[in-house]
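Colleague: I'd like a close look at one part of this model, the antiparallel sheet and whatever packs around it. Could you walk me through it slowly, strand by strand?

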Amino acid sequence: MFRHMSRKTIRVPGILTPGTAFNFCRSLQNLDAHDEYVFDFTQTRTVEPFGMLLVSSEIRRCKATHRSAQFSCANFKHMTYAGHMGFFKAFGLDFGKGPGEAQGSRSYIPLTILESDALVEAAASKGHEVGSEIEEHSKKLSATLIGEDAGDVFETMAYSIREIMRNVVEHAQTNQFGICAQYWKTKGRAEVAILDRGVGLRKTLSRNPHIDASSDKSAINYALMPAVSGKAFKGAKQVNKGSPWVNSGFGLYMTNRICRNGGNFLISS
């Protein structure tokens, strides 16, 4: 019996920035079943760190969801920057460099996959708490991106990267997370993106009986308030009370305030 093979061409947006990336990912999550999917990059010209992280992750998840289907890409070879940053190999296409393969420079950090377990183990081997290990990484990333290891911009960048990385390692309940960044010196603008596929803010904050985290929106709003945490709250068992890395619930709040003061801050869950 002959069965017709169905093929779906998916046109990737011309610009991969937060707004277009979110809409594109929603369309991937609502795909009908087909035998073959072709991602067409003909129109794609502009890619930024958050867009690359989110879309590569969602394509990888789409492939896992439709395991029996074939996946391929078309008209992508003009995207040498995205290839160099590790975008394509992050979801399994053999084009450009792999995640973390590019060395990075004073203007960018390539799409890089980090492992929470590796950070914890490295800290333990040095007799440190994981917060110290994360701080070392955040300072290296900040120095790579802005080309200096001192000053207000360096400290601000290092703090913001550190606190978001801590949030992933301490709360997300996932081993892997991605980071990607670009600094446009002529524009005086930098974009740092960090993404994980963990349990999400709603589940994390639902442990705190003093707040209403019954929806994703509510959980996000609470996460950006001072002294709100899924671990540190009245009645919760506290460990390592004397540690400088004890969870305080101020990390996302401060990062949000700092970033919005000189630019913008985007968080989604």
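**The antiparallel sheet and its surroundings**

Modeller: Let's start with one pair of residues: C180 sits opposite A193, which belongs to strand 8. Before going further, keep in mind that this is a predicted model.

A second pair of this kind is G178, which stands opposite L195 in strand 8. These pairs belong to the pairing of strand 7, residues 176-184, with strand 8, which is antiparallel and runs over eight bridges. The two strands make a hairpin with four residues between them, and G188 in the turn has a positive phi of about 65°.

Now to the other side of strand 7. Strand 6 pairs with strand 7, again in the antiparallel sense, over six bridges. Here L114 has F177 of strand 7 as its bridge partner. Put together, you get an open sheet of three strands in the order 6-7-8, with antiparallel pairing. Strand 6 and strand 8 are the edge strands, each pairing on one side only. On average, neighbouring strands in this sheet are turned by 10° against each other, if you ignore direction. As for what holds such an arrangement together, the strands of a sheet pair through backbone hydrogen bonds, either parallel or antiparallel.

How many residues of strand 7 are buried? Seven of the nine are, so strand 7 is largely enclosed by the rest of the structure.

What packs on this sheet? Helix 2 does, touching strand 6, strand 7 and strand 8, and its direction makes about 20° with that of strand 8. Helix 5, residues 116-125, packs on the sheet too, touching strand 6 and strand 7, and its direction makes about 80° with that of strand 6.

Helix 2 also has a helix for a partner. Helix 1 and helix 2 pack at an angle of about 5°, with their axes 9 Å apart. The two are therefore roughly parallel to each other. On the helix 1 side the contact is made by P18, A21, F22, F24, C25, L28 and Q29, and on the helix 2 side by F50, G51, L54, V55, E58, I59, R61 and C62. Sorted by class, that contact has eleven nonpolar, two polar and two charged residues.

That takes us to the inside of the protein. The largest nonpolar core has 37 residues, and F39, F41, V55, F87, F88 and F91 are those with the most contacts inside it. Among the elements that each supply at least two residues of this core are helix 1 (18-29), helix 2 (49-65), strand 6 (108-115) and strand 8 (189-196). Helix 2 gives the most, with seven residues. For a view from one residue of that core, take F87: leaving out residues up to four places away in sequence, F87 touches L16, F41, M52, V55, S56, A82 and L111. Apart from this core lies another one, of 18 residues, among them I134, L141, I161 and I179.

Two buried residues in other helices are worth a stop. V168 lies in helix 7, residues 152-171, and counts as buried because its relative accessibility is 3%. Not counting residues up to four places away in sequence, V168 touches Q173, F177, I194 and D196. You met F177 above as the bridge partner of L114. V168 and G200 are 32 residues apart in sequence, and their C-alpha atoms are 9.6 Å apart in space.

The other stop is S142, which is in helix 6, residues 130-146. Its relative accessibility is 0%, so S142 counts as buried. With residues up to four places away in sequence left out, S142 touches G147, E148, F154, M157, A158 and I161. I161 is also one of the residues of the 18-residue core.

Finally, there is another sheet to set beside this one. Three strands form an open sheet in the order 1-3-5, and there the pairing is parallel. Strand 1 (7-11) and strand 5 (70-74) stand at the edges with a single partner strand each, so one side of each has no neighbour in the sheet. Neighbouring strands there are turned by 20° against each other on average, direction ignored. Strand 1 pairs with strand 3 in the parallel sense over five bridges, and K8 has Y37 of strand 3 as its bridge partner.

Note on methods
Residues numbered from 1 in each chain as written. Predicted model: local features only at pLDDT ≥ 70, side-chain atom pairs only at ≥ 80, totals over all residues. Heavy atoms only, no water. Buried < 20%, exposed > 50% of the residue type's maximum accessible area, 1.4 Å probe, protein only. Contact = heavy atoms within 4.5 Å. Core = buried A, V, L, I, M, F, W, Y, C linked by side-chain atoms within 4.5 Å. Axes fitted to C-alpha atoms, helices over the stretch in contact; angles between N-to-C directions. Parallel < 35°, antiparallel > 145°, perpendicular 65-115°, else oblique. Nonpolar A, V, L, I, M, F, W, Y, C, P; charged D, E, K, R; others polar. Pairing = 2+ DSSP bridges.
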